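Student: Please take a close look at the salt bridges in this model. I would like to know which residues pair, where they sit and how enclosed they are.

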Amino acid sequence: MSELGEFLRLRRARIRPSDVGLPEFGRRRRVPGLRREEVAQLAGVSVDYYVRLEQGRGDGVSAEVLDAVARVLRLDRTERQHLHDLARPPREPARPGPRQLRGGLRLVLDALDAPAFALGRCLDVVAWNALGDAVMGFSDMPPGQRNVARHAFLSAAGRRLYPEFERVAAETAAFLRVDAARHPDDPELAALLADLAADPLFAELWARHGVREKSHGRKLLLHPRVGELDLGYETLTPPGEPGLQLVVYTAEPGSPTAERLALLADAARI
């Protein structure tokens with residue numbers, strides 16, 4: 001089944017008929033969730049049209065139809081955009097992500113008192129400040145392995161770093177799903193996904209077709225020197241740098257995490 005078809009099938013399966021005002025009695029249901037003809041009816045399209053869409057034959061489908069299907073399947077904002085990306089993939093080839101920061105951004109990164117680092121395409125680590133390195137250990141990673149997804153799934157140190165590893169793993173796989181739909185012909189991303197697929201947990205998560213943006217949230221780390229760090233994070237995209245993200249970790253003032261970050265800063269002579 002196509003990526004589009006599998007995504008629609010899984011989202012259709014999670015909606016109960018009663019969720020959309022349909023009776024659940026009647027002839028026996030052979031599949032969980034809504035039937036394809038029910039989605040078509042509620043979206044205002046023919047059954048044949050929707051079946052072709054779920055078969056991956058969505059050429060020429062309008063944004064209005066996709067929005068109607070998204071409404072029926074109760075997709076959130078990220079899922080809705082993902083549906084559009086799958087049905088109407090970008091025609092321009094993916095551009096390689098930046099390999100280094102421009103001078104001004106490098107100064108901004110170094111001026112921050114918080115742990116911070118820059119990610120390029122495919123979650124490659126492009127740069128970091130001293131406290132970011134003290135927290136994440138980027139300088140200890142082999143240069144070719146400085147990628148947060150590789151570090152999480154393919155290294156023992158990465159798994160030890162995250163006490164809530166399954167949650168982090170699910171978020172990472174879901175973020176890469178979003179990126180894969182936006183850049184379906186990116187050879188670097190394809191190579192990364194092929195390597196990650198060797199991990200059974202990643203393969204399981206990938207099959208769920210979860211999608212998620214990583215704009216902000218919480219990250220719990222177990223640092224080998226100072227112990228638990230309960231951090232917030234904000235992800236910022238600098239103007240003029242669409243393939244770059246600045247990730248800044250934050251700690252509540254006066255919290256145990258803030259005190260432990262101060263210890264790391266002193267040790268790193270920041």
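Tutor: What follows goes through the salt bridges one by one and then turns to a few helices and a loop. The model is predicted.

In total, the structure holds 22 salt bridges. Side chains of opposite charge can pair when their charged atoms come close. Three of the pairs can be taken in turn, followed by a network.

The first pair to consider is E38 with R35, whose closest N and O atoms are 3.3 Å apart. E38 has a relative accessible area of 9%, and because the cut-off for buried is under 20%, E38 counts as buried. R35 has a relative accessibility of 14%, so R35 is buried as well.

A second salt bridge joins D199 and R159, with 2.3 Å between the closest N and O atoms. This pair links distant parts of the chain, the two residues being 40 residues apart. D199 lies in the loop between helix 11 (187–196) and helix 12 (200–207), whereas R159 belongs to helix 9 (residues 156–161). D199 is buried, at a relative accessible area of 9%, while R159 is partly exposed, at 31%.

A third salt bridge is formed by E213 and R182, where the closest N and O atoms are 2.5 Å apart. Here too the pair links distant parts of the chain, with the two positions 31 residues apart in sequence numbering. E213 is in the loop between helix 12 and strand 3 (216–223), and R182 is in helix 10. E213 is partly exposed, with a relative accessible area of 23%, and R182 is likewise partly exposed, with 31%.

Beyond these pairs, salt bridges link E164, R167, E171, R212, R218 and D230 in a network.

Charged residues also appear where helices meet. Helix 2 (residues 36–43) packs with helix 3 at an angle of about 115 degrees, and their axes are 8 Å apart. The crossing of helix 2 past helix 3 is right-handed. Helix 2 contributes R36, E37, V39 and A40 to the contact, and helix 3 contributes V47, Y50, V51 and E54. By class, the residues of this contact are five nonpolar, three charged and no polar.

Helix 3 (47–54) is followed by a loop that leads to helix 4 (63–72), and G56 lies in that loop. G56 is partly exposed, with a relative accessibility of 33%. Leaving aside residues up to four places away in sequence, G56 touches S2 and L4. The C-alpha atoms of G56 and L8 are 9.7 Å apart, although the two residues are separated by 48 residues in sequence.

Helix 5 (residues 77–87) gives a view of an enclosed element. Eight of its 11 residues are buried, so helix 5 is largely enclosed by the rest of the structure. The buried residues are T78, E79, H82, L83, H84, D85, L86 and A87. They pack against helix 1 (3–13), helix 4 and helix 10 (165–182). At the N-terminal end of helix 5, D76 acts as a cap, with a side-chain oxygen 3.1 Å from the backbone nitrogen of T78.

Technical notes
Residues numbered from 1 in each chain as written. Predicted model: local features only at pLDDT ≥ 70, side-chain atom pairs only at ≥ 80, totals over all residues. Heavy atoms only, no water. Helix = DSSP H or I, 4+ residues; strand = E, 2+ residues; numbered from the N terminus. Buried < 20%, exposed > 50% of the residue type's maximum accessible area, 1.4 Å probe, protein only. Contact = heavy atoms within 4.5 Å. Polar contact = N/O pair within 3.5 Å; in protein donor to acceptor, adjacent residues only side chain to side chain. Salt bridge = Lys/Arg side-chain N within 4 Å of Asp/Glu carboxyl O. Axes fitted to C-alpha atoms, helices over the stretch in contact; angles between N-to-C directions. Left-handed = near helix turned anticlockwise from the far one by under 90°. Nonpolar A, V, L, I, M, F, W, Y, C, P; charged D, E, K, R; others polar.
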